[in-house]
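Visitor: Before we discuss any labels, could you put the model on the screen and then explain how each label is earned?

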Amino acid sequence: MTTGSAKQAPEISKTQGVIGLRAALNILEKWQASVEQVGQILRISRSTYTRARQGDSQWTVSLDADQLQRISLVLNIHAALRLVFDNPENVYGFVTMTNHNTFFSGRTPLAVMAQGDMIALYETFRRIDALRGGQW
């Protein structure tokens, strides 16, 4: 029994996790992320990556809260880029462009995300999200 009025996050089914994972993988592929970068960003193994890419509709995977949060951040970065840019070249190319913002220090957003730590991924999202300047 829980006490207090804090709301718990809804449970994500294995099927929903696979759908989210595959969507994130599609985005990362369009961002030209290598298999190693994908593994670092989403914290998944090469075998999970390979199985998810095969498209088997019966395949499921158990993702932990950290992995689900990483998937969510990739999806949200993509959504922010779609709001900021009208053309697919920038939506999918922005993360591979050298960025001289203080946070990126001449690195690409993809390289920063591929460091593998949650803070780098979240801060990349925050900076890209800020570009939309209140468009929500």
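**From values to labels**

Guide: Phe104 has a relative accessible area of 2%, and is therefore buried, since the buried class takes values under 20%. Please keep in mind throughout that this is a predicted model.

Visitor: What makes Phe103 partly exposed?

Guide: The relative accessible area of Phe103 is 22%; because buried requires a value under 20% and exposed a value over 50%, Phe103 falls in between and is called partly exposed.

Visitor: Why is the aromatic pair of Phe103 and Phe104 called edge-to-face?

Guide: The ring centres of Phe103 and Phe104 are 5.1 Å apart, with 75 degrees between the planes. Rings pair if their centres lie within 6.5 Å, and planes over 60 degrees apart count as edge-to-face, so both conditions are met and the label follows.

Visitor: How many aromatic pairs does a search of the whole structure find?

Guide: The search finds three aromatic pairs, and one of them joins Phe85 and Phe94, whose ring centres lie 5.5 Å apart and whose planes stand at 40 degrees.

Visitor: Why is the pair of Phe85 and Phe94 called tilted?

Guide: Stacked planes must be under 30 degrees apart and edge-to-face planes over 60; the angle of 40 degrees between Phe85 and Phe94 fits neither class, so the pair is tilted. Both Phe85 and Phe94 are buried.

Visitor: How do you know that H1 and H3 are roughly perpendicular to each other?

Guide: The axes of helix H1 (residues 14-30) and helix H3 (residues 46-54) come within 10 Å and cross at roughly 95 degrees. Because angles of 65 to 115 degrees count as roughly perpendicular, that label applies to H1 and H3.

Visitor: Which residues make the contact of H1 with H3?

Guide: H1 contributes Leu21, Arg22, Leu25, Asn26 and Glu29, while H3 contributes Thr48, Tyr49, Arg51, Ala52 and Arg53. By residue class, this contact of H1 with H3 comprises four nonpolar, two polar and four charged residues.

Visitor: What makes Gln32 exposed?

Guide: Gln32 has a relative accessible area of 63%, and because exposed means over 50%, the label holds for Gln32. Gln32 sits in the loop between H1 and helix H2 (35-42), and its phi is near 65 degrees, a positive value in a residue other than glycine.

Visitor: How do you know that Ser105 is exposed?

Guide: The reasoning rests on a relative accessible area of 55% for Ser105, set against the cut-off of over 50%, so Ser105 is exposed. Ser105 lies in the loop between helix H5 (88-93) and helix H6 (109-113), and has a positive phi of about 50 degrees although it is not a glycine.

Definitions and conventions:
Residues are numbered from 1 along each chain as its sequence is written. This is a predicted model: local features need pLDDT of at least 70, side-chain atom pairs count only at pLDDT 80 or more; totals for chains, interfaces and linings use all residues. Side-chain values use heavy atoms; hydrogens and water are left out. Axes are lines fitted to C-alpha atoms, for helices over the stretch in contact, and angles run from 0 to 180 degrees between N-to-C directions. Helices (H or I, at least four residues) and strands (E, at least two) are DSSP runs, numbered from the N terminus. Angles under 35 degrees count as roughly parallel, over 145 as roughly antiparallel, 65 to 115 as roughly perpendicular and the rest as oblique. Contact means heavy atoms within 4.5 Å. Ala, Val, Leu, Ile, Met, Phe, Trp, Tyr, Cys and Pro count as nonpolar, Asp, Glu, Lys and Arg as charged, and the others, Gly among them, as polar. Rings of Phe, Tyr and Trp (its six-membered ring) pair if their centres lie within 6.5 Å; planes under 30 degrees apart count as stacked, over 60 as edge-to-face and the rest as tilted. Buried means under 20% relative accessible area, exposed over 50%, partly exposed in between (1.4 Å probe, protein chains only).
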